[in-house]
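Please look at the sequence and the 3D structure shown here, and keep both in view while reading the report.

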Amino acid sequence: MRITFLSIFPESFSSFLDYPVIRRAIKNGIVSFEIIDIRDYADGCFRAVDDSPYGGGAGLLLRVDTLTNALNSAKTDRARTILMGPKGKKFSQGIAHELAKEEHIILVAGHYEGVDERARAYVDDELSIGDYVLTGGESAAMIVAEAVTRLLDGALRGSAAKEESFENGILEHPQYTHPALFDGKRVPDVLLSGDRKKIECFNEIEALKETIRLRPDLLTCDREFNYCSLHKSYGNEAKIIRWMKKRLPVPEILYDDESYLLLSKERGRALKDSTKNRILKTSAMILKAFWAMDISDCPCSENIEMTIRKLKKKRLSYSEWTALSEIEKTNFNEDYVFSHGNLTLSNIIINGNGLVMLTGMQKAGVADCYRDIATLLPSLEEAGFTREEFFVLLGLKIDENKIQFFQRLNSLTY
Ligand code: ADE
């Protein structure tokens, strides 16, 4: 890769080129650098690179004519030109990866109070390294060049770059070196155990805890990792998992801080990817296991009244509001059991030996037994089963009214 800096202070880059990672990358032919002094392209007898803004204002602006002269001399067929400035898109590891694929990048260090607005038309992008203003774009250009260079194949020893902060969209796990004990602070035992898998798992969980603590803004959605899954904490999930622990297989809570839940992942596959026979039998087996559970100390209630109350707290559309009014008119005796609340074939994880775990229990709690049947039926029917076959296994008489009622209630999610 080739990186060209355009600047009116070319001497600013000398220590950068001497930096070990950069020096090694240059020596190994991974990257080459070129520094162009914008002043060399200034026209006229005063060789002006800057001038005062039309209409008045503080400071001086880089002139568009001088800057474009310098740019034209630097450009190659495949060059990507980037102006460094506080108005640019925020630089990130993702952008560094994108730039690392280029053959040639030209980084223009703006200076003084900025550049003539028209100069923006002659560059491909504008990048900022953060929401603050520097006197010049030189240090910003060096930051971009370093972040990009270290991603180039062979620039770092081993696979160092793959484990770093932001590479999986999260921060890197904490690291320790000798001594193993300092000022009463011990290096975690697992890191001294030599057990690769345990260490990998520990590091992944610690990296996530660190990210939750320091940069929750990086965690915008629920995500699966190698050893655990990350959930934005909501609903009954944590309470129900703790309650279910000794009853049926559920994930282990690795971390819970009210906002986030880290749950263990077991090796297995979703029931939806299993054989037809197994889908039906396992679904019925799980429902029957739910119904056999003692619910007297279950910490969450999801009965109809509670569900309606939660729905009313939500902003409902007119059609949802009408549907809810209809639902409220219906009256029947609820047959209370433990209910998963979102029992789809994707939330049942199995392996060759049987049920591995139940996931997605944010809406679990005590409710009528038809609540889960209503959720499960469409996916069973899609898998080619009839209602009758399923109800025979459940040992229950089909109640079409209840199925329809819960399907309508479940469609109004809170
Ligand atoms: N030049 C001045 N401020 C800057 C910033 N925040 N990012 C990039 N270049 C700049």
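The report that follows describes the ligand and the two pockets discussed with it.

## About the model

This is a predicted model, in which local features need pLDDT of at least 70 and side-chain atom pairs count only at pLDDT 80 or more, whereas totals for chains, interfaces and linings use all residues. Residues are numbered from 1 along each chain as its sequence is written, and side-chain values use heavy atoms, with hydrogens and water left out.

## The shell around the ligand

The ligand is surrounded by 13 residues (each with a heavy atom within 4 Å of the ligand), and the closest of them are G85, I129, G130, Y132 and L134. The strand β5 (79-90) gives the largest share of this shell, three residues, and β7 (125-128) is also named among the elements that each supply at least two; strands here are DSSP runs of E with at least two residues, helices are runs of H or I with at least four, and both are numbered from the N terminus. By class, the shell has eight nonpolar, five polar and no charged residues, where Ala, Val, Leu, Ile, Met, Phe, Trp, Tyr, Cys and Pro count as nonpolar, Asp, Glu, Lys and Arg as charged, and the others, Gly among them, as polar.

## Backbone atoms beside the ligand

Backbone atoms of three named residues lie beside nitrogen atoms of the ligand: the distance is 3.2 Å for a backbone N or O atom of G85, 2.8 Å for a polar backbone atom of Y132, and 3.0 Å for a polar backbone atom of L134. Of the 260 Å² of accessible area that the ligand has on its own, the protein covers 96% (by the Shrake-Rupley method with a 1.4 Å probe).

## The second largest pocket

The ligand takes up the space of the second largest pocket, a pocket being an open set of points on a 1 Å grid where a 1.4 Å probe fits, with protein on both sides within 12 Å along at least five of seven lines, and lining residues having an atom within 4 Å of a point. Its lining consists of 26 residues, and M84, G85, P86, E113 and G114 lie nearest its centre. The strand β5 gives the largest share of this lining, five residues.

## The largest pocket

In the largest pocket, 28 residues form the lining, and those closest to its centre are E163, H173, E200, N203 and E204. The helix α7 (196-214) is one of the elements that give two or more residues to this lining, and its six residues are the largest share. The lining divides into 13 nonpolar, seven polar and eight charged residues.

Technical notes. Polar contact = N/O pair within 3.5 Å; in protein donor to acceptor, adjacent residues only side chain to side chain. Sits in = over half its atoms within 2 Å of the grid points.
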